[in-house]
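Me: Could you take a close look at one part for me, the nonpolar core, and then show me what goes on around it? I'm new to this, so please begin with what counts as a contact.

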Amino acid sequence: RVNPNVNLAEIWLRNPRYLNEVLVQARATSFGLHNLQFATRSGVKVLLDQAAGIVIDLLVALSVIALITASAMLAASARAEVQRRLGAIGVRRAVGASRGHIALTQGLEAMLIAAPAAALGLAAGVLVINGPDDRLLTMLNEPPPGTALVLPLAASFLAGVAIPVLGAAWPAWRAAGRSPVGLLRGGELETGGRRWAGRGGRSAGRGGRSAGRGGRSAALGSRGGLATLGARLVAARRVRLAATVVTLGLSTGFVLLMLALASALSALETDPGALGKRYQVTASMPVSTVPRVRRIPGVAAAAPRYEVEGADSYYLGETIDVIAYPGNHAVFEAPPLVSGHRLRGGGQAEVGVGLADALGLSPGSTLAIALSSGDELRLRVSGLVSSLDHDGRVAYIPARALLAADPSAPYQVAIELTPNANYGAVTAALTKLGAQFSATSGATARGVPLVDTLRTILIAIAIVDGLVCLYALIQASTLTVQERRRTVAVLRASGAGPAAVRRLLLGATLALIVPAGVVGIVLERYVFGPALSHLAENYAVLALDATSAEVLATIAGLALAGAVAVVWVARQAARESVVAGLAAR
């Protein structure tokens with residue numbers, strides 16, 4: 001009794017050396033059956049190599065970019081901690097501490113924080129990704145890494161500790177090289193930012209006298225507004241401004257890359273053109289009606305597309321999907337060319353990388369195809385193309401060569417539409433011609449779980465990176481308020497309320513997120529996107545330019561993070577008494 005739920009039969013051979021003979025017998029006994037496919041272990045390996053290749057390349061590139069972003073953030077955070085302690089460093093220098101002692105002390109303090117934080121982060125990461133990672137490897141038919149992760153995790157731990165330690169020790173070394181008096185007065189205020197900071201310091205200095213003459217500070221705030229004053233306060237610290245902008249810019253560019261890559265994966269799942277298919281409709285109709293199809297408004301090109309299944313004549317162990325067009329097949333299908341050139345003439349063929357790997361083919365090799373009609377085709381390989389369809393075991397040949405060997409080869413009419421074509425009108429015209437049509441499916445329709453998993457990972461990474469931006473903005477705003485406590489206190493003593501403090505911080509935040517947004521867009525468009533596209537070009541043509549909607553969404557998220565930082569820091573600043581702020585040094 002036949003079980004209708006069974007759709008797969010596994011055949012185990014006593015002697016694998018007779019695989020080719022078994023496949024010949026299987027094809028012979030299954031003649032006449034429809035939708036029957038034979039998949040050998042080597043054929044499955046071809047598919048997995050293709051899928052694993054693109055996944056590994058994408059994840060490696062994302063990891064490198066994430067490492068750069070995290071390094072910039074950690075270095076900026078460690079440097080900010082040094083800037084908070086410039087006064088303490090000045091005191092140590094005044095009592096005779098050497099530059100090396102100060103740098104070593106700061107580095108050790110950073111290590112005491114970084115080491116447990118890195119360990120906790122690695123442990124949390126391993127626990128969180130353990131399940132999704134195993135599922136992803138299962139999709140790629142790969143075993144769990146097990147102890148192989150020990151060395152990479154150890155290297156990640158050392159990098160997570162070394163970056164903040166160096167980020168703290170180097171600024172401490174540089175700061176300790178200044179005069180103790182300058183450090184006690186504010187350290188960096190003596191450098192290029194003194195011209196900007198001096199005005200704020202003079203207006204905010206000497207405690208009560210400045211508070212008593214609130215008009216002077218009000219004049220400073222009114223010249224260009226409090227927002228302008230906030231921007232000038234941030235600009236006074238040029239090194240910190242550059243470090244924060246770079247950190248935010250890297251994070252913004254990374255988020256844009258995640259969104260662009262998620263869109264590209266969706267295109268691979270739904271858009272047949274993402275992997276080289278340029279026709280949108282296939283129709284079953286006589287070849288004689290093709291000229292009438294070409295005259296339909298909205299049709300750019302139409303031609304018969306022949307597709308048969310063959311086998312390698314030498315070993316008969318690899319099935320080959322033979323695809324043929326009359327004329328230039330690149331008009332309708334143009335998978336990425338890996339090596340060689342497009343076919344020219346009637347005796348050449350383009351073969352998929354999967355088939356080339358299985359048979360050891362290269363440009364100039366001879367491809368021998370045994371057709372189901374009993375005839376054999378011998379063609380010279382002109383080039384290798386990358387195709388995820390049919391496990392990469394495809395061969396594009398001229399239609400004339402195929403029809404000479406198999407005049408009854410099945411076909412469908414491939415129809416390419418113009419960019420602004422009315423799909424409904426075209427299909428209605430095809431119906432009038434008596435054609436049965438269908439839309440071209442996505443190139444990775446069989447890999448939907450893999451694509452969905454990758455897209456989920458990318459969105460999660462983008463969310464985490466957004467939180468990094470929020471942290472960096474809060475940190476920069478908090479540091480600005482701490483260093484300018486007297487300026488904020490003078491404004492509050494002059495009658496300015498919480499709204500004025502928020503306007504001040506708004507200007508400071510805009511001075512950070514506006515250039516960071518520009519840097520992020522430029523990085524994604526000209527650095528991150530092209531680099532990742534280059535890594536994936538052997539598998540798919542990925543256009544990783546963020547769309548206008550994605551750019552606007554990212555900028556809106558950056559602005560939202562800035563608003564949250566402004567509100568949070570302003571609330572913290574309002575809790576401090578005016579007297580304490582005026583007395584701060």
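Reply: Two residues are in contact when heavy atoms of theirs come within 4.5 Å. With that in hand, take the contacts in the protein chain between residues at least 6 apart in sequence: 80% of them join residues at least 24 apart. Keep in mind that this is a predicted model.

A bit of background before we zoom in. The chain has 585 residues, and 44% of them count as buried. Its secondary structure comes to 20 helices and ten strands. On the outside, about 29300 Å² is exposed, with carbon and sulfur atoms supplying 62% of that area.

Now for the part you asked about. Nonpolar side chains in soluble globular proteins tend to be buried together. Here, the largest nonpolar core has 23 residues, and the ones touching the most other members are Val351, Leu367, Ile369, Ile397 and Leu402. Quite a few elements chip in with at least two residues each: the strands β2 (299–312), β3 (319–325), β5 (348–352), β6 (366–371), β7 (376–385) and β8 (394–398), plus the helices α13 (353–359) and α14 (399–405). The biggest giver is β7, with four residues.

Let's pick one core member and see who it meets. Setting aside neighbours within four places in sequence, Val351 is in contact with Ala356, Leu361, Leu367, Val381, Gly383, Leu384, Val385, Val394 and Ala395. Leu367 is another of the residues that touch the most other core members, so to speak a fellow hub.

Next, the charged residues. Side chains of opposite charge can pair when their charged atoms come close. A search of the whole structure turns up five salt bridges. Start with Glu350, which pairs with Arg342, the closest N and O atoms being 3.1 Å apart. Are the two partners buried or exposed? Glu350 is buried, at 0% relative accessible area, while Arg342 is partly exposed at 25%. The cut-off explains the split: buried means under 20%, so 0% falls on the buried side and 25% does not.

Both partners share a neighbour, His329. Not counting residues up to four places away in sequence, His329 touches Arg342 and Glu350, along with Leu343 and Tyr396. You'll find His329 in the loop between β3 and β4 (337–340), and although that's a loop, His329 is buried, with a relative accessible area of 5%.

Go back to strand β2, which holds Glu307. Remember Val394 from the list of Val351 contacts? Glu307 and Val394 are 87 residues apart in sequence, yet 10.0 Å apart in space, C-alpha to C-alpha. The side chain of Glu307 also meets that of Arg305 in a salt bridge, at 2.7 Å from N to O. Glu307 is partly exposed at 26% relative accessible area, whereas Arg305 counts as buried at 11%.

A third pair is made by Asp545 and Arg525, with their closest N and O atoms 3.8 Å apart. This one links distant parts of the chain: Asp545 is in the loop between α18 and α19 (548–574), and Arg525 is in helix α18, 20 residues apart. Both are partly exposed, Asp545 at 43% and Arg525 at 31%. As for Arg305 and Glu307, salt bridges that share partners join them with Glu333 into one network.

While we're at α18, here's a contrast with the buried core. Val518 is found in this helix, which covers residues 498–536. Together with Val522, Tyr526 and Val527, Val518 makes a nonpolar surface patch of about 400 Å².

One last stop shows how a helix can hide one side. In α3 (residues 86–94), Leu86, Ile89 and Gly90 are buried. They cover an arc of only 105° around the axis, so they sit on the same side of α3. That fits a general rule: an α-helix has 3.6 residues a turn, so residues three or four places apart point the same way. After α3 comes Gly96, whose phi is positive, near 110°.

Definitions and conventions
Residues numbered from 1 in each chain as written. Predicted model: local features only at pLDDT ≥ 70, side-chain atom pairs only at ≥ 80, totals over all residues. Heavy atoms only, no water. Patch = residues over 30% accessible without salt bridge, like charges linked within 9 Å, V, L, I, M, F, W, Y side chains within 5 Å. Areas by Shrake-Rupley, 256 points an atom, 1.4 Å probe, with all protein chains shown as cover. Salt bridge = Lys/Arg side-chain N within 4 Å of Asp/Glu carboxyl O. Buried < 20%, exposed > 50% of the residue type's maximum accessible area, 1.4 Å probe, protein only. Core = buried A, V, L, I, M, F, W, Y, C linked by side-chain atoms within 4.5 Å. Arc of directions from axis to C-beta.
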